[in-house]
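Could you walk me through this model in my viewer, one selection after another? I would like to know what to click on next and what I will find there.

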Amino acid sequence: MNKTTFKISKMDCPSEENLIRMKLEGHSNIEHLEFDIPNRQLTVFHHDNIEGIETAIHDLKLGDTLLSTETIDPSDPNNNFKVDADSSHKKDAEQRKLLWIVLVINFAFFIIEMSTGLISRSMGLVADSLDMLADSFVYGISLFAVGGTVIKKKRIARIAGYFQITLAILGFLEVLRRFFGNEQLPDFSTMIVISILALIANSICLYLLQKSKNKEEAHMQASMIFTSNDVIINLGVIVAGILVNWLHSSTPDLIIGSIVFALVIQGAFRILKLSK
């Protein structure tokens, strides 16, 4: 048995982990994959040589560097890369339940922020709602495609990615229309109140993930990173609402909306990598 560790500099959210898992799914010589998202490292336990695996990872263009490779003894307890089947199923069930809760919260706030964003004329809220939808897509791909075929996973990723890009482009066009048009100011109070509620929701998600017994698992750590980024976006929309009221201008709202739409498109392209 061989143990090879890679540095993956662009592996910073669940979509990259899913991307790597799907890319390596057809390699029969791989015994186990361990992801360390915070340190951007991937450890592969495999038989035979590493060349084919290294080529597959490099094709993803995620900034990979081979750090080390060594031969190990699978019977050595210090190289414990296998988990008891019953324990694994129980852990998977717990994680799936938790991720369902996080997915439902994200999707519910997508609906809330989208509707209130349209009513209050706030592109910041609309953009943040799409970011919530993007999170739902990532969690959904992981949950709905569990145990599915590679073709099924790629089809789900392709639909989600293109749908997300379409919505973000429409959002950009609306930002331009409002920037050059003579639109009413967005309702800053609605922006602030709804964003505070979204901030509370994301904080609850982060708390649930952090107190999970399985929080050291790679994809749980990735989910925490993802949710932490959402908290920052929520704070950005709150600040934009304050500036709208202070400056009597819709520009802060349009700026934060554009930034979040750009992040949504970036996330969509990551999801689309899963469909290749």
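Start by selecting L33 and V44: V44, in β3, is the bridge partner of L33. This is a predicted model, so please read it with that in mind. Now widen the selection to strand β2 (residues 30-36) together with β3, and you will have two strands that pair in the antiparallel sense over 6 bridges. β2 and β3 form a hairpin, with 4 residues between them. Click on R40 in that turn, where phi is positive, at about 55°.

**Next: the other strands**

Add strand β1 (residues 2-8) to the view. β1 runs antiparallel to strand β3 (residues 41-46), and 6 bridges join the two. To see one of these links, pick T5, whose bridge partner in β3 is T43.

Then bring in strand β4 (residues 64-71), which pairs with β1 in the antiparallel sense over 7 bridges. Here F6 is a good residue to click, with L66 in β4 as its bridge partner. How many of the 7 residues of β1 are buried? The count is 5, and the strand is mostly covered.

Colour the model by pLDDT while you are here. Among the elements of the chain, β1 has the highest mean pLDDT, 91, and helix α1 (residues 14-24) the lowest, 73. For the whole chain the mean is 78, and 76% of the residues reach 70 or more. Where pLDDT is low, the predicted coordinates should not be read in detail.

**Next: the nonpolar cores**

Select F110, M123, L130, V260 and F261. These residues have the most contacts inside the largest nonpolar core, which has 27 residues. The elements that give two or more residues to this core are α3, α4 (123-144), α5 (150-180), α6 (188-211), α7 (218-247) and α8 (251-273). Which of these gives the largest share? That is α4, with 8 residues.

Stay with M123 and show what surrounds it. Leaving aside neighbours within four places in sequence, M123 is in contact with G171, E174, V175, R178, D253, L254, G257 and F261. There is also a second, separate core of 18 residues, and F6, L19, I20 and I50 are included in it.

**Next: G171**

From M123, move to G171, which is in helix α5. G171 has a relative accessible area of 6%, so it is buried. Not counting residues up to four places away in sequence, G171 touches M123 and F261. Try a distance label between the C-alpha atoms of G171 and V260: they are separated by 10.0 Å, while the two residues are 89 apart along the chain.

**Next: the aromatic pairs**

The structure holds 3 aromatic pairs, and we will visit two. The first stop is F172 with F261, a tilted pair at 5.6 Å centre to centre and 55° between the planes. This pair links distant parts of the chain, with F172 in helix α5 and F261 in helix α8, 89 residues apart. Is each ring buried or exposed? F172 is partly exposed because its relative accessible area is 26%, whereas F261 counts as buried because its relative accessibility is 0%.

Now go to F179 and F180, which form an edge-to-face pair at 5.1 Å centre to centre with 90° between the planes. F180 counts as exposed because its relative accessibility is 68%.

**Next: N106**

Select N106, in helix α3 (residues 85-120). N106 has a relative accessibility of 1%, so it counts as buried. What is it in contact with, leaving aside its neighbours within four places in sequence? Show M132, D135, S136, Y139, N202, C205 and D230, and you have the list of its contacts.

**Last stop: the annotated segments**

The UniProt annotation "transmembrane region", from an unreviewed entry, covers residues 98-120, 132-152, 159-176, 188-210, 231-248 and 254-272. Colour these ranges and look at two of them. Residues 98-120 are 100% helix and 0% strand, with the end C-alpha atoms 32 Å apart. Residues 231-248 are 94% helix and 0% strand, and there the end C-alpha atoms are 25 Å apart.

Note on methods:
Residues numbered from 1 in each chain as written. Predicted model: local features only at pLDDT ≥ 70, side-chain atom pairs only at ≥ 80, totals over all residues. Heavy atoms only, no water. Buried < 20%, exposed > 50% of the residue type's maximum accessible area, 1.4 Å probe, protein only. Contact = heavy atoms within 4.5 Å. Core = buried A, V, L, I, M, F, W, Y, C linked by side-chain atoms within 4.5 Å. Phe/Tyr/Trp six-rings, centres within 6.5 Å; stacked < 30°, edge-to-face > 60°. Pairing = 2+ DSSP bridges. UniProt positions renumbered as here; feature names shortened; annotations may be inferred. pLDDT = per-residue confidence, 0-100.
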